[in-house]
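Hi there,

Here is the structure I promised to pass on to you. Please have a look at it first, and then read my notes below.

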Amino acid sequence: MPAKIKVCMGSSCFARGNAKNLQLIQKFLDENNITADVELIGLRCCDNCSKGPNICIDDAEYNNIDSGTLLDILEKHFPNLKNNGETNV
């Protein structure tokens, strides 16, 4: 079962940074050769606008995400990445 990354693309989260965060996620998945292991989903709104930008990975919700925090979160959720792009997700 692939991991699920849900990115809120509602106007508030989009304006607060999820447009760039989405690009960063896609780059991370591509560079680590795990696009087939992850389902990337865009959401219209998470109904949590005041805490945005919002991203969910599997059952974990993250709020007020910036690019530095996002990379840390991705590395936490996908710890078995190797330099050659293989993963044990």
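Let me begin with the core. The largest nonpolar core of this predicted model has 16 residues, and those touching the most other members are Ile5, Ile25, Leu29, Val38, Ile55, Leu74 and Phe78. At least two residues of this core come from each of strand 1, helix 1, strand 3 and helix 2 (67-77). As a general background, nonpolar side chains in soluble globular proteins tend to be buried together.

Leu29 is a nice one to click on. Apart from neighbours within four places in sequence, Leu29 has contacts with Ile5, Ile34, Thr35, Val38 and Leu40. Two of these names, Ile5 and Val38, also appear among the core residues listed above.

Now for the sheet. It is an open one, built from four strands in the order 2-1-3-4, with mixed pairing. Strand 2 (38-43) and strand 4 (60-62) are at the edges with a single partner strand each, so each has one side without a neighbour in the sheet. On average, neighbouring strands are turned by 15 degrees against each other, if direction is ignored.

At one end of that order, strand 3 (residues 55-57) pairs with strand 4 in the antiparallel sense, over three bridges. Ile55, one of the core residues named earlier, has Tyr62 of strand 4 as its bridge partner. Helix 1 (residues 11-31) packs on the sheet and touches strand 1 (3-8), strand 2 and strand 3. The direction of helix 1 makes about 150 degrees with that of strand 1.

What about charged pairs: how many salt bridges does the structure hold? There is one, and it joins Glu31 to Lys27, with the closest N and O atoms 3.9 Å apart. In case you set a stricter distance in your own scripts, the cut-off applied here is 4 Å. Both residues sit in helix 1, and because they are four residues apart, about one helical turn separates them. Glu31 counts as exposed because its relative accessibility is 57%, while Lys27, at 48%, is partly exposed.

Finally, a word on confidence. The average pLDDT of the protein is 89, and 91% of the residues score at least 70. Residues 83-89 are another matter: their pLDDT is below 50, and in the model this stretch has twelve contacts beyond near neighbours in sequence.

Happy to talk any of this through whenever it suits you.

Best wishes

Definitions and conventions. Residues numbered from 1 in each chain as written. Predicted model: local features only at pLDDT ≥ 70, side-chain atom pairs only at ≥ 80, totals over all residues. Heavy atoms only, no water. Pairing = 2+ DSSP bridges. Axes fitted to C-alpha atoms, helices over the stretch in contact; angles between N-to-C directions. Contact = heavy atoms within 4.5 Å. Core = buried A, V, L, I, M, F, W, Y, C linked by side-chain atoms within 4.5 Å. Buried < 20%, exposed > 50% of the residue type's maximum accessible area, 1.4 Å probe, protein only. pLDDT = per-residue confidence, 0-100. Salt bridge = Lys/Arg side-chain N within 4 Å of Asp/Glu carboxyl O.
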